[in-house]
Amino acid sequence: LDFNTLNIQVLRKYRQAFKLTVKARSSKDELVMAASHHYAEHTVDEVDTIARFLYTVHSNKEKCAAGGDPRL
């Protein structure tokens, strides 16, 4: 993900949403560095994510078949 392509307002919202330790009035470069560092720290276990997704789809399919809310 290239944070340089985002405008400064989006970067400020990212900073606020994830409570990054960078000043509110930081420059775009500072926000890009902080957001990039934060994003890089969070890795995704792809196999676990796919397994959880499939489990959720399967569980919701059973709920729908049993007359549950199909939007869940």
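## A three-helix chain and its surface

Arg52 and Asp48 both belong to helix H3, where they stand four residues apart, about one turn of the helix. The model is predicted, and in it the side chains of these two residues meet in a salt bridge, with a distance of 2.9 Å from N to O. The count of salt bridges comes to one.

The two partners can be set side by side by how much of each is accessible.

| Residue | Relative accessibility | Class |
|---|---|---|
| Arg52 | 57% | exposed |
| Asp48 | 31% | partly exposed |

Arg52 counts as exposed because its relative accessibility is 57% and the class begins over 50%. Asp48, at 31% relative accessibility, counts as partly exposed, since that class covers the values between under 20%, which is buried, and over 50%, which is exposed.

**The chain as a whole**

Read along the sequence, the chain follows the pattern α-α-α, with three helices and zero strands. Of its 72 residues, 19% count as buried. The chain exposes about 6,200 Å², and carbon and sulfur atoms supply 58% of that area. When the contacts with a separation of 6 or more are considered, residues 24 or more positions apart account for 25% of them.

**Helix H2 and its cover**

Helix H2 runs over residues 28-41 and has 14 residues. From its first C-alpha to its last, helix H2 reaches 20 Å, which is close to the 20 Å expected at 1.5 Å a residue. The buried residues of this helix are Leu31, Val32, Ala34, Ala35 and His38. What covers these buried residues includes helix H1, which spans residues 8-17.

**A nonpolar patch on the surface**

Besides the salt bridge in helix H3, the surface holds a nonpolar patch that is formed by Ile50, Phe53, Leu54 and Val57. Together, these four residues have about 400 Å² of accessible area. One of them, Val57, has its place in helix H3, which covers residues 46-65. Why does Val57 count as partly exposed? Its relative accessible area is 41%, and this value lies between the limits of under 20% for buried and over 50% for exposed, so Val57 falls into the class in between.

Methods: Residues are numbered from 1 along each chain as its sequence is written. This is a predicted model: local features need pLDDT of at least 70, side-chain atom pairs count only at pLDDT 80 or more; totals for chains, interfaces and linings use all residues. Side-chain values use heavy atoms; hydrogens and water are left out. Patches are made of residues with over 30% relative accessible area and no salt bridge: like charges are joined within 9 Å, nonpolar side chains (Val, Leu, Ile, Met, Phe, Trp, Tyr) within 5 Å. Accessible areas come from the Shrake-Rupley method with a 1.4 Å probe; for residues, only the protein chains shown count as cover. Helices (H or I, at least four residues) and strands (E, at least two) are DSSP runs, numbered from the N terminus. Buried means under 20% relative accessible area, exposed over 50%, partly exposed in between (1.4 Å probe, protein chains only). The expected span of a helix is 1.5 Å times one less than its number of residues. Contact means heavy atoms within 4.5 Å.
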